[in-house]
Each structure stands twice: as C-alpha cells, then as structure tokens.
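Student: I would like to learn how to read backbone angles, solvent exposure and a ligand site from a set of coordinates. Could we take them one at a time?

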Amino acid sequence: MQQDLFTQPDAVDSKNNSEDPVETLYLDPERLSFLQFYRGFLNPDRAASLFKTLQKDVPWRQDRIRIAGKEIPIPRLQAWFGNIDAQYGYSGIALTPIPFSPTLSEIKNAIEATCGDNFNSLLANYYRDGQDSVSWHADDETELGTNPVIASLSLGETRRFSLKHKHDKSFDTLHLDLHQGDLLIMAGETQHHWLHQVAKTKKTREPRINLTFRKIYVK
Ligand SMILES: O=C(O)CCC(=O)C(=O)O
C-alpha cells in the first residue's frame, strides 16, 4: 500500500489494521524522500529473543561528545559493527567496528533480502529507559554516500520516531510509533532534507534496542 503522508494523522501507529505489512511513506509531493515501513518484520518471539541476546552480548558503551567546549555523555549506549575498514564517526566520536556476530549477519541478510539493498555496517543503539534519546540529526556523513539507505530495526519497548523538514516549516512533523519487530527504511533524499529523532519520554522506563544498518563507502 502506498500512502501519502499529507493524509496521515498525527502519529502513525504501526499496529494499524492494514492487511499489507509494507507501507511506502512519501515525505514530499515530488516523492524524492521516502520511508518504507515493514510492520512486524520480525515475529514477536524472534524479536523478544533477539532483544535478550543483544542486551546481554553486545559490548555496549556510552560515548561522549563535545558541545560548546564541554564534553558530555550521549544519552544512550551504542555499539558499531562492520568490517575492520568500515570506520565511522559523528560529532567527534570515532567508531571502530566490531565484526558481525552470526546472529547479526543473519538479521542483516534477512533485511537485505527484503529491501534489496546491501549493508556493510551497523550502528546499534541501546535506550536504557525513556530518558535515553537521540536528538534531531540527519545521517548525512560523507562516508554514507549521496542518498544513503538506512534500515532500522526496533526491538524492545515502543518508542516514538519523528521526522521534521530541515528548512521548510510548511511540512508537518511526522511521528511513527515503532514497535518491537518493526523495520523502517529511510531512502531517497531523506537525509538531505529531513532530520529525525527519538525524543525522551516519561511514558516508559523499559529499554529499547535499535539496529541501524548502513553502507559505508570505504576510500
Ligand atoms: O533509535 C532509532 O529509531 C533511531 C536511531 C538513529 O536515529 C540513528 O542511529 O541515527
């Protein structure tokens, strides 16, 4: 089902009644920036077991960024997976990759088979509770290429993912509630024109893991 965002209500609930598990959400009338939303990409048992495995086995770390001359810890834990040459960084954080585990390779293969794109790296985010977050940003680092396709798998607690246009205030902010097992793909020119975030919330104290598969272009 293709859906035009301009007809969307305030928050899109991924547990809607549509029969079709895949929705294409266009962010602009020209359809240059778009999302593909696979509700329940992983079944509940598989998603719950993957969450537990990753929570326990991933060497989660809390990185620090420098803002206005002050170093502060980022409000979430992270881990970076990929081939040894897939170096990545943002906001002064240099990430050296951990090799993919068999479990993560299997998930990557399943996502690649579904969306038709290939990924060589993964930024995993661990939100310990509703006070962990990621603020407005675009995944627009040069090593991600011109129009990066970012595939983002949600596990654990439901959190609200929002997108807003970088410059044009006439576009509404879009909110998507991402549930355990949902896969969201950001594609086209999305990273050029739109920012995304997962805001803090008082509604939950439960953890969430988000796996964002990316393709890094190695020089
Ligand atoms: O947790 C999410 O759903 C989004 C993560 C994110 O924005 C990122 O890793 O760039």
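Student: Is Arg 31 buried, partly exposed or exposed, and why?

Tutor: Keep in mind that this is a predicted model. Partly exposed is the class between 20% and 50% relative accessible area, and Arg 31 counts as partly exposed because its relative accessibility is 40%. Arg 31 is placed in the loop between strand 3 (22-26) and strand 4 (33-38).

Student: What is the phi of Arg 31?

Tutor: Most residues other than glycine have a negative phi. Arg 31, however, has a positive phi, near 65°. Ala 68, which is not a glycine either, also has a positive phi, of about 50°; Ala 68 lies in the loop between strand 5 (64-67) and strand 6 (70-73) and is exposed, with a relative accessible area of 83%.

Student: Where does the ligand sit, and which strand supplies the largest share of the shell around it?

Tutor: The ligand sits in the largest pocket, where 13 residues surround it, the closest being Asn 125, Tyr 127, His 137, His 196 and Arg 208. Strand 17 gives the largest share of the shell, four residues, and by type the shell divides into five nonpolar, five polar and three charged residues.

Student: Which distance separates an oxygen atom of the ligand from the side chain of Arg 208?

Tutor: An N or O atom in the side chain of Arg 208 is 2.8 Å from a ligand oxygen atom, while a polar side-chain atom of His 196 lies 3.1 Å from an oxygen atom of the ligand. Taken alone, the ligand exposes 290 Å², of which the protein buries 96%.

Definitions and conventions:
Residues are numbered from 1 along each chain as its sequence is written. This is a predicted model: local features need pLDDT of at least 70, side-chain atom pairs count only at pLDDT 80 or more; totals for chains, interfaces and linings use all residues. Side-chain values use heavy atoms; hydrogens and water are left out. A residue is near a molecule or strand if one of its heavy atoms lies within 4 Å of it. A polar contact is a pair of N or O atoms within 3.5 Å; within protein, one must be able to donate a hydrogen and the other to accept it, and residues adjacent in sequence count only if both atoms are side-chain atoms. Accessible areas come from the Shrake-Rupley method with a 1.4 Å probe; for residues, only the protein chains shown count as cover. On a 1 Å grid over the protein atoms alone, a cavity is a set of points where a 1.4 Å probe fits but cannot get out, and a pocket is an open set with protein on both sides within 12 Å along at least five of seven lines; lining residues have an atom within 4 Å of a point. A molecule sits in a cavity or pocket if more than half of its atoms lie within 2 Å of its grid points. Helices (H or I, at least four residues) and strands (E, at least two) are DSSP runs, numbered from the N terminus. Ala, Val, Leu, Ile, Met, Phe, Trp, Tyr, Cys and Pro count as nonpolar, Asp, Glu, Lys and Arg as charged, and the others, Gly among them, as polar. Buried means under 20% relative accessible area, exposed over 50%, partly exposed in between (1.4 Å probe, protein chains only).
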